[in-house]
Amino acid sequence: MSKPETLHLIRLAASRAGKAFLLHQLGENLEVILLDKPLKDSLEGCTYLCLEGELLLDLKHGDFLHLKRGEATRLEIGVERTLTPVGKTTVLMWRGE
């Protein structure tokens, strides 16, 4: 039996700032990204986990969610959102449905 690979998600995200890194090793539809500017996300259902920093999920009609390190949330299909890092950068992992 081979030893499982260890992935440092924050370093992986930092290696491609602003571009999602697909994590085939950990599961289907799982990605990690380092955000240094706002990103308009798709309308698919999605679970978000803030790995480092803080994230504002700007939603329609002035609503928002504020995620801090270690916090997660799930948004349903069709919810418009913009992912906005708080401070310099945010590392985010998400899983689309």
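Me: Is R81 buried or exposed in this predicted model?
Reply: Let's go by relative accessibility, where buried means under 20%. R81 comes out at 1%. That puts R81 under the cut-off, so R81 counts as buried.

Me: Which side chain meets R81 in a salt bridge?
Reply: Side chains of opposite charge can pair when their charged atoms come close. For R81, the N to O distance in the salt bridge is 4.0 Å. The partner has 15% relative accessibility, so this residue counts as buried too. It's D41.

Me: How many residues apart in sequence are the parts that R81 and D41 tie together?
Reply: R81 lies in strand 7, which covers residues 81-96. D41 sits in the loop between strand 3 (39-40) and strand 4. So the pair ties together parts of the chain whose separation in sequence is 40 residues.

Me: What residue forms a salt bridge with K60?
Reply: The closest N and O atoms of this pair are 3.7 Å apart. K60 is in the loop between strand 4 and strand 5 (64-68), and the partner is in the loop between strand 6 and strand 7, 20 residues apart. K60 counts as partly exposed at 45% relative accessibility, and the partner is partly exposed as well, at 35%. The partner is E80.

Me: Where does E97 sit, given that its side chain meets R74 in a salt bridge?
Reply: The N to O distance between E97 and R74 is 2.7 Å. R74 belongs to strand 6, and the two residues are 23 apart. E97 is partly exposed at 49%, and R74 counts as partly exposed at 40%. As for its place in the chain, E97 is in the segment after strand 7.

Me: Which residue joins R74 and E97 in one network?
Reply: The network comes from salt bridges that share partners. R74 and E97 are two of its members. The other name in it is E76.

Me: Which residues make up the covered face of strand 6?
Reply: In a regular strand the side chains alternate between the two faces of the sheet. Strand 6 spans residues 72-75, and A72 and R74 are on its uncovered face. That leaves the covered face to T73 and L75.

Me: What stands opposite L75 of strand 6?
Reply: Strand 6 runs antiparallel to strand 4 (residues 46-59), and four bridges join them. L75 is on the covered face of strand 6. The residue standing opposite L75 is C46.

Me: How many salt bridges does a search of the whole structure find?
Reply: We've met R81 with D41, K60 with E80, and E97 with R74. Those are among the ones found, and the count for the whole structure is four.

Conventions:
Residues are numbered from 1 along each chain as its sequence is written. This is a predicted model: local features need pLDDT of at least 70, side-chain atom pairs count only at pLDDT 80 or more; totals for chains, interfaces and linings use all residues. Side-chain values use heavy atoms; hydrogens and water are left out. Buried means under 20% relative accessible area, exposed over 50%, partly exposed in between (1.4 Å probe, protein chains only). Two strands pair if DSSP finds at least two bridges between them.
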